[in-house]
Amino acid sequence: MSALHDPVLAWYDDHARELPWRGVQASAWSVMVSEFMLQQTPVARVLPVHEQWLTRWPTPGDLAAESSGEAVRAWGRLGYPRRALRLHAAATAIVAEHGGEVPASYDDLRALPGIGDYTAAAIATFAHGRRHVVLDTNVRRVLARAVSGVEFPAASVTRAERDVAQDLLPEDEPTAATWSVAVMELGALVCTAANPRCGDCPVAGLCAWRAAGKPSYDGPPRKVQTWAGTDRQCRGRLLAVLRDAEGSVPPGRLETAWADEAQRTRCLASLLADGLLVRTDAGSYALP
């Protein structure tokens, strides 16, 4: 057992947030929906949408029975709406290949549409208590500081980073699953990217970064996402018009959503290419 285990696990017992996708009452489908929604989206924004989805579609079969366009509509303003299409495709595959039950094995999860390494490991771990390395942004930051002594991890996961995480996994499956969510929670609540609360950290005395004097990050510039005026904002505005409409929308209505014709045309083309919109025979736009 690593010296980090006991204090982190004890801290989690006392400080874990009560979230609908955690605990014995949460279904594997609830966990899966949360993992799709939480990608690049804060918990506070996910909570109401997750609740609405689970009320409307309590099982993968319920979602698969409706059109992918309804999934896009219900996704609302969470952003990155292709996640809604991928979740719908995964639900359809679960019905066809797994009897409507979210599979427990990493390999079966990884084979579903739209599920990569992180999401497969997270669902197997958090929904089924399996032992896998789960490396999200929060976990990577905690391990970078506590073990490697740097403020931030590399831009993408390295083999050395994965080896550190693997070596730290407790051997016992249930304990390993709890450890994974505990480190994630520690990164979300205490070991934050900006202004980490080292005074509240259960492993402050063991932290290599703190022991080194908290050296500033000296790697490649970290990306800062912009929003205003970007194609992402334009796509979101155009999709919002379609989500609020009961049927198809003529091109003229979209002009009021985004004035720049060249950017609007480009974004409509990308939404069509991504399968988030379709063109009707009459030349209008609609959700798929």
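These are my notebook entries on pockets, cavities, cysteines and a few single residues in a predicted model.

**Entry 1: pockets**

I began with the open spaces. The largest pocket has a volume of about 1900 Å³. I looked up its lining and got 49 residues, of which Leu38, Gln40, Asp136, Thr137 and Asn138 are the closest to the centre. Helices H2 (28-37) and H8 (117-128), together with H9 and H11, are the elements that each give two or more residues to this lining. H11 gives the most, with seven residues. I sorted the lining by class and found 28 nonpolar, twelve polar and nine charged residues.

I then went to the second largest pocket, where the volume is about 430 Å³. Its lining has 19 residues, and Gly79, Tyr80, Trp227, Arg232 and Gly236 are the closest to its centre. Here H13 gives the most, with seven residues. The classes in this lining are five nonpolar, seven polar and seven charged.

**Entry 2: cavities**

Next I looked for enclosed space. How many cavities of 30 Å³ or more does the whole structure have? The search finds three. The largest cavity has a volume of about 120 Å³. It is lined by 15 residues, and those closest to its centre are Arg145, Cys191, Cys198, Cys201 and Cys207. Helix H9 (137-148) and H12 are the elements that give two or more residues to the lining of this cavity, and H9 has the largest share, three residues. By class I counted twelve nonpolar, no polar and three charged residues in the lining.

The second largest cavity comes to about 90 Å³. I listed its lining, which includes His132, Leu135, Leu143, Leu168, Trp179 and Val183. H9, helix H10 (159-168) and H11 each give two or more residues to it. The largest share, three residues, is from H11. The lining divides into ten nonpolar, two polar and no charged residues.

**Entry 3: cysteines**

With cysteines noted at the largest cavity, I checked for disulfides. The search of the whole structure finds zero. I looked at two cysteines to see why.

For cysteine 198, the closest cysteine sulfur is that of cysteine 207, and at 6.4 Å it is too far for a bond. I also looked up its exposure: cysteine 198 is buried, because its relative accessible area of 17% falls under the 20% limit.

For cysteine 234, the closest cysteine sulfur is in cysteine 267, at 3.5 Å. This pair is not a disulfide, because 3.5 Å is too far for a bond and the sulfur atoms would have to be within 2.5 Å. Cysteine 234 is buried, with a relative accessible area of 0%.

**Entry 4: glutamine 263**

I picked out glutamine 263, which is in contact with Cys234. Glutamine 263 is in helix H15 (residues 261-273). Is it buried or exposed? Glutamine 263 is buried, with a relative accessible area of 9%. I then looked for partners of its side chain. There is a polar contact with the side chain of aspartate 231 at 2.8 Å. Another polar contact, also listed at 2.8 Å, is with the side chain of tryptophan 258. Leaving aside neighbours within four places in sequence, the residues in contact with glutamine 263 are Gly229, Thr230, Asp231, Cys234 and Trp258. Both polar partners, Asp231 and Trp258, are thus on the contact list.

**Entry 5: positive phi**

Last, I checked backbone angles. Most residues other than glycine have a negative phi. I noted two residues with a positive value.

Asparagine 195 has a positive phi of about 55° and is not a glycine. I placed asparagine 195 in the loop between helix H11 (173-189) and helix H12 (208-211). Its relative accessible area is 69%, so asparagine 195 is exposed.

Lysine 214 likewise has a positive phi of about 55° without being a glycine. The loop that holds lysine 214 runs between H12 and helix H13 (231-244). Lysine 214 is partly exposed, with a relative accessible area of 37%. I put lysine 214 in that class because 37% lies between the limits of 20% and 50%.

Key: Residues are numbered from 1 along each chain as its sequence is written. This is a predicted model: local features need pLDDT of at least 70, side-chain atom pairs count only at pLDDT 80 or more; totals for chains, interfaces and linings use all residues. Side-chain values use heavy atoms; hydrogens and water are left out. Helices (H or I, at least four residues) and strands (E, at least two) are DSSP runs, numbered from the N terminus. Buried means under 20% relative accessible area, exposed over 50%, partly exposed in between (1.4 Å probe, protein chains only). A polar contact is a pair of N or O atoms within 3.5 Å; within protein, one must be able to donate a hydrogen and the other to accept it, and residues adjacent in sequence count only if both atoms are side-chain atoms. Contact means heavy atoms within 4.5 Å. On a 1 Å grid over the protein atoms alone, a cavity is a set of points where a 1.4 Å probe fits but cannot get out, and a pocket is an open set with protein on both sides within 12 Å along at least five of seven lines; lining residues have an atom within 4 Å of a point. Grid points are joined across faces, edges and corners, and a volume is the space filled by probe spheres set on the points. Ala, Val, Leu, Ile, Met, Phe, Trp, Tyr, Cys and Pro count as nonpolar, Asp, Glu, Lys and Arg as charged, and the others, Gly among them, as polar.
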